[in-house]
Amino acid sequence: MGVAYVLVITIATVSVAVATLFGPISVAVTALVLLALVLARLVGTPIGLVSVSGAVLLGAAWASVFDLYARIDWLDVVVHAVATGSLAAMCTGALLRAGIVTVGVGPRKPALVCVATALAVGLALGVLWELGEWFGHTYLDDRIAVGYDDTIGDLVAGGFGAAIAGALLSRGHRSAPTSTLRSRG
């Protein structure tokens, strides 16, 4: 295992423990980050991507704990774009490695398939996150920001980040031999 991955997992684990000082919502948010990082490695996500995504997700979690989203207007949109992009990259990569999604052959197919898949995954994850925000606001803590403009802005930013992540993923698949891009089976 890479040093960066071990460091990110260690920080994520310590973050869950430290988050207990800030309440159950903080614990839940940091625990979700740790769970995402462990699951990403279990499905074979490259250590570098998990490490970078872990840093992004930990930053997003701690920004929530310290109410930075309420203090810095633009932070929520930027974090939704970058965090959703990194999660979409990990999930899309897992779908490609498992052969669930195949890119086919041809000069444009890898880009189209990677971008479309990452966008779909990113939007689905964004909807789940927005449902979580609504649930948290409605049943746990009314300081969690929700509303039509917030939700739509978050989904658009997340979709943008996911599409960019798909485009970046497709660059790696263009240089791969055609035989590695086809379904196993």
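A residue counts as buried here when its relative accessible area is under 20%, and as exposed when that area is over 50%. With that cut-off in hand, the predicted model can be walked through helix by helix, starting at the N-terminal end.

Helix α1 takes in residues 3-19, so 17 residues in total, and its first and last C-alpha atoms sit 24 Å apart, close to the 24 Å expected at 1.5 Å a residue. Its buried set is made up of Tyr5, Val8, Ile9, Ala12, Ser15, Val16 and Ala19. These residues share the same side of α1, because the arc they cover around the axis is only 120°. What do the buried residues of α1 pack against? Their partners are α2 and α3. Turn to the face of α1 that points away from the buried side, and the exposed residues Val3 and Leu7 show up there.

One of those partners, α3, runs over residues 47-65 and includes Ala61. Is Ala61 buried or exposed? At a relative accessible area of 2%, Ala61 falls under the 20% cut-off and is therefore buried. Leaving aside residues up to four places away in sequence, Ala61 touches Val29, Thr30 and Val33. Val79 is another residue to look at from here: it comes 18 residues away from Ala61 along the chain, and the two C-alpha atoms are separated by 9.9 Å.

Now for the empty space. The largest pocket has a volume of about 1600 Å³. It is lined by 48 residues, and those closest to its centre are Val29, Leu32, Ser64, Trp129 and Glu133. Helices α2 (24-42), α3, α4 (68-71), α5 (75-98) and α6 (109-140) are the elements that each give two or more residues to this lining. Which element gives the most to the lining of the largest pocket? That would be α2, with 11 residues. As for chemistry, the lining residues split into 32 nonpolar, 9 polar and 7 charged. Val29 turns up twice in this account, as a contact of Ala61 and as one of the residues closest to the pocket centre.

Helix α6, another contributor to the lining, has 32 residues, which at 1.5 Å a residue should span 46 Å; the end C-alpha atoms of α6 are 45 Å apart, so the two values agree. Buried residues of α6 include Pro110, Ala111, Cys114, Thr117, Ala118 and Val121. Further along, Gly122, Gly126 and Gly136 are buried too, as are Glu130 and Glu133. Glu133 is thus a buried residue of α6 that is also listed among those closest to the centre of the largest pocket.

How values were computed: Residues numbered from 1 in each chain as written. Predicted model: local features only at pLDDT ≥ 70, side-chain atom pairs only at ≥ 80, totals over all residues. Heavy atoms only, no water. Helix = DSSP H or I, 4+ residues; strand = E, 2+ residues; numbered from the N terminus. Buried < 20%, exposed > 50% of the residue type's maximum accessible area, 1.4 Å probe, protein only. Contact = heavy atoms within 4.5 Å. 1 Å grid on protein atoms, 1.4 Å probe; cavity = no way out; pocket = protein on both sides within 12 Å on 5 of 7 lines; lining within 4 Å. Points joined across faces, edges and corners; volume = space filled by probe spheres on them. Nonpolar A, V, L, I, M, F, W, Y, C, P; charged D, E, K, R; others polar. Arc of directions from axis to C-beta.
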